[in-house]
Amino acid sequence: MSDKRWDGLTISGTLPIGVLYAGTRHRDYTLRVPLAGDLVDAQEAHPQGLVRLVALDLYRRQLLQLGEIPAEAITLELLRSELTEIDMAELERADAELGKRFAPPRPGSSTGAASSTPSSVTATPSPTSGA
(Lines give C-alpha, C1' and ligand atoms only; values in the text may rest on other atoms or scores of the structure.)
Protein backbone atom coordinates (compact mmCIF):
# COMPACT_ATOMS: atom_id res chain seq x y z
CA MET A 1 0.00 0.00 0.00
CA SER A 2 2.17 2.88 -1.25
CA ASP A 3 -0.56 5.53 -1.52
CA LYS A 4 0.19 8.08 1.23
CA ARG A 5 -3.33 9.49 0.82
CA TRP A 6 -4.65 6.87 3.24
CA ASP A 7 -1.93 7.00 5.91
CA GLY A 8 -3.67 6.71 9.27
CA LEU A 9 -7.09 6.34 7.65
CA THR A 10 -7.26 2.57 7.34
CA ILE A 11 -7.93 -0.50 9.37
CA SER A 12 -6.46 -3.93 8.67
CA GLY A 13 -7.61 -7.35 9.69
CA THR A 14 -8.18 -10.91 8.65
CA LEU A 15 -11.36 -12.35 7.20
CA PRO A 16 -12.49 -15.55 8.96
CA ILE A 17 -12.86 -17.49 5.68
CA GLY A 18 -11.46 -15.34 2.90
CA VAL A 19 -12.14 -14.82 -0.78
CA LEU A 20 -11.18 -17.59 -3.19
CA TYR A 21 -9.19 -16.16 -6.11
CA ALA A 22 -6.83 -18.01 -8.44
CA GLY A 23 -7.07 -21.16 -6.33
CA THR A 24 -6.09 -19.47 -3.05
CA ARG A 25 -8.12 -18.04 -0.17
CA HIS A 26 -7.17 -14.44 0.49
CA ARG A 27 -7.94 -13.30 4.03
CA ASP A 28 -5.83 -10.28 5.01
CA TYR A 29 -7.45 -6.96 4.16
CA THR A 30 -6.97 -3.23 4.49
CA LEU A 31 -10.08 -1.08 4.46
CA ARG A 32 -9.90 2.71 4.14
CA VAL A 33 -12.34 5.27 5.46
CA PRO A 34 -15.28 5.77 3.13
CA LEU A 35 -15.51 8.95 1.12
CA ALA A 36 -18.82 10.71 0.54
CA GLY A 37 -18.50 9.89 -3.15
CA ASP A 38 -18.12 6.18 -2.45
CA LEU A 39 -21.65 5.87 -1.12
CA VAL A 40 -23.05 8.17 -3.81
CA ASP A 41 -21.31 6.19 -6.55
CA ALA A 42 -22.47 2.86 -5.11
CA GLN A 43 -26.06 4.10 -4.86
CA GLU A 44 -25.96 5.52 -8.40
CA ALA A 45 -24.56 2.24 -9.72
CA HIS A 46 -27.43 0.31 -8.12
CA PRO A 47 -30.42 2.67 -7.96
CA GLN A 48 -32.89 -0.20 -7.61
CA GLY A 49 -30.45 -2.47 -5.78
CA LEU A 50 -30.91 -3.94 -2.35
CA VAL A 51 -29.21 -2.11 0.49
CA ARG A 52 -26.95 -5.15 0.93
CA LEU A 53 -25.73 -4.82 -2.68
CA VAL A 54 -24.97 -1.13 -2.20
CA ALA A 55 -23.09 -1.95 1.02
CA LEU A 56 -21.05 -4.64 -0.75
CA ASP A 57 -20.17 -2.21 -3.54
CA LEU A 58 -19.16 0.36 -0.94
CA TYR A 59 -16.83 -2.12 0.75
CA ARG A 60 -15.36 -2.97 -2.65
CA ARG A 61 -14.51 0.70 -3.11
CA GLN A 62 -12.98 0.92 0.38
CA LEU A 63 -10.81 -2.20 0.07
CA LEU A 64 -7.21 -1.16 -0.57
CA GLN A 65 -5.91 -4.70 -0.22
CA LEU A 66 -7.39 -8.18 -0.06
CA GLY A 67 -4.68 -10.77 0.30
CA GLU A 68 -2.64 -10.92 -2.88
CA ILE A 69 -5.57 -10.21 -5.19
CA PRO A 70 -4.64 -7.47 -7.68
CA ALA A 71 -6.64 -4.31 -6.99
CA GLU A 72 -8.29 -4.37 -10.42
CA ALA A 73 -9.51 -7.94 -9.76
CA ILE A 74 -11.40 -6.96 -6.57
CA THR A 75 -14.68 -6.55 -8.37
CA LEU A 76 -18.26 -6.53 -7.21
CA GLU A 77 -18.78 -9.79 -9.09
CA LEU A 78 -15.87 -11.44 -7.26
CA LEU A 79 -17.16 -10.30 -3.87
CA ARG A 80 -20.75 -11.31 -4.69
CA SER A 81 -19.67 -14.81 -5.60
CA GLU A 82 -16.86 -15.45 -3.09
CA LEU A 83 -17.32 -13.27 0.03
CA THR A 84 -19.16 -15.16 2.75
CA GLU A 85 -21.67 -13.57 5.12
CA ILE A 86 -19.20 -14.17 7.96
CA ASP A 87 -16.56 -12.22 6.06
CA MET A 88 -19.04 -9.47 5.18
CA ALA A 89 -19.76 -9.13 8.90
CA GLU A 90 -16.03 -8.67 9.52
CA LEU A 91 -15.90 -5.85 6.95
CA GLU A 92 -18.96 -4.28 8.60
CA ARG A 93 -17.23 -4.47 11.99
CA ALA A 94 -14.05 -2.91 10.59
CA ASP A 95 -15.99 -0.12 8.87
CA ALA A 96 -17.85 0.63 12.11
CA GLU A 97 -14.53 0.72 13.97
CA LEU A 98 -13.23 3.29 11.48
CA GLY A 99 -16.36 5.36 12.08
CA LYS A 100 -15.83 5.28 15.83
CA ARG A 101 -12.14 6.06 15.53
CA PHE A 102 -12.73 9.30 13.66
CA ALA A 103 -16.03 10.42 15.17
CA PRO A 104 -15.87 13.69 17.11
CA PRO A 105 -16.45 13.56 20.87
CA ARG A 106 -20.09 13.71 21.91
CA PRO A 107 -21.25 17.03 23.31
CA GLY A 108 -21.31 16.94 27.09
CA SER A 109 -19.00 13.92 27.27
CA SER A 110 -16.47 14.46 30.05
CA THR A 111 -14.27 11.63 28.82
CA GLY A 112 -14.08 12.73 25.20
CA ALA A 113 -15.13 9.22 24.19
CA ALA A 114 -15.86 8.72 20.52
CA SER A 115 -19.45 8.79 19.40
CA SER A 116 -21.24 5.54 18.80
CA THR A 117 -22.62 6.97 15.56
CA PRO A 118 -22.20 4.26 12.94
CA SER A 119 -20.11 4.71 9.83
CA SER A 120 -21.40 5.43 6.35
CA VAL A 121 -22.73 1.97 5.56
CA THR A 122 -24.68 1.58 8.75
CA ALA A 123 -25.91 5.17 8.55
CA THR A 124 -28.07 3.98 5.68
CA PRO A 125 -30.76 1.35 6.28
CA SER A 126 -29.27 -1.80 7.73
CA PRO A 127 -27.48 -3.86 5.05
CA THR A 128 -29.27 -6.96 6.31
CA SER A 129 -32.71 -5.40 5.96
CA GLY A 130 -32.67 -5.56 2.17
CA ALA A 131 -31.31 -9.07 1.78
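**View 1. Overall layout of the predicted chain.** In these legends a helix is a DSSP run of H or I with at least four residues and a strand is a DSSP run of E with at least two, both numbered from the N terminus. The model shown here is a predicted one. The protein chain has 5 helices and 3 strands, and a reader who follows the sequence from its start meets them in the pattern β-β-α-α-β-α-α-α. Of the 131 residues in the protein chain, buried residues make up 39%. Among the contacts in the protein chain with a separation of 6 or more, 62% are accounted for by residues 24 or more positions apart.

**View 2. The hairpin of β1 and β2.** The strands β1 and β2 pair in the antiparallel sense, and their pairing extends over 8 bridges. One of the residues to look for is T14, whose bridge partner in β2 is D28. Together β1 and β2 form a hairpin, with 2 residues between them. The loop between these two strands holds A22, a residue that has a positive phi of about 55° although it is not a glycine. The relative accessible area of A22 is 69%, and A22 is therefore exposed, a class that begins over 50%.

**View 3. The pairing of β2 with β3.** A second antiparallel pairing joins β2 and β3, this time over 3 bridges. Here the residue to find is T30, whose bridge partner in β3 is Q65.

**View 4. The largest nonpolar core and the surroundings of Y29.** The largest nonpolar core has 24 residues, and those with the most contacts inside it are V19, Y29, L63, L66, L79 and L83. Two or more residues of this core are given by each of β1 (10-21), β2 (24-32), α2 (51-62), β3 (63-66), α3 (76-82) and α4 (85-102). When residues up to four places away in sequence are not counted, Y29 touches I11, S12, G13, T14 and L15, and also L63, Q65, L66, E90, L91, R93 and A94.

**View 5. W6, in the segment before β1.** The place of W6 is in the segment before β1. With a relative accessible area of 7%, W6 falls under the 20% cut-off and so counts as buried. Leaving aside neighbours within four places in sequence, the contacts of W6 are with R32, V33, L35 and L64. Although W6 and L64 stand 58 residues apart in sequence, their C-alpha atoms are 9.3 Å apart in space.

**View 6. I69, in the loop between β3 and α3.** The loop between β3 and α3 is where I69 is found. Its relative accessible area is 6%, and I69 is therefore buried, since that class covers values under 20%. Apart from neighbours within four places in sequence, I69 is in contact with V19, Y21, H26, I74 and L78, and V19 is one of the residues with the most contacts inside the largest nonpolar core. I69 and R25 are 44 residues apart in sequence, while the distance between them in space, C-alpha to C-alpha, is 9.6 Å.

**View 7. A73, in the loop between β3 and α3.** A73 lies in the loop between β3 and α3. At 16% relative accessibility, A73 counts as buried because its value is under 20%. Once neighbours within four places in sequence are left aside, A73 is in contact with Y21 and L78, two residues that also appear among the contacts of I69. The C-alpha atoms of A73 and Y21 are separated by 9.0 Å, whereas along the chain these residues are 52 residues apart.

**View 8. The largest pocket and its lining.** The largest pocket has a volume of about 220 Å³. Its lining consists of 11 residues, and those that lie nearest the centre of the pocket are R52, L53, L56, R80 and E85. At least two residues of this lining are supplied by each of α2, α3 and α4, with the largest share, 3 residues, coming from α2. Sorted by class, the lining of the largest pocket has 7 nonpolar, 1 polar and 3 charged residues. The three helices α2, α3 and α4 are also among the elements that give two or more residues to the largest nonpolar core.

Notes:
Residues are numbered from 1 along each chain as its sequence is written. This is a predicted model: local features need pLDDT of at least 70, side-chain atom pairs count only at pLDDT 80 or more; totals for chains, interfaces and linings use all residues. Side-chain values use heavy atoms; hydrogens and water are left out. A nonpolar core is a set of buried Ala, Val, Leu, Ile, Met, Phe, Trp, Tyr and Cys residues joined through side-chain atoms within 4.5 Å. Buried means under 20% relative accessible area, exposed over 50%, partly exposed in between (1.4 Å probe, protein chains only). Contact means heavy atoms within 4.5 Å. Two strands pair if DSSP finds at least two bridges between them. On a 1 Å grid over the protein atoms alone, a cavity is a set of points where a 1.4 Å probe fits but cannot get out, and a pocket is an open set with protein on both sides within 12 Å along at least five of seven lines; lining residues have an atom within 4 Å of a point. Grid points are joined across faces, edges and corners, and a volume is the space filled by probe spheres set on the points. Ala, Val, Leu, Ile, Met, Phe, Trp, Tyr, Cys and Pro count as nonpolar, Asp, Glu, Lys and Arg as charged, and the others, Gly among them, as polar.
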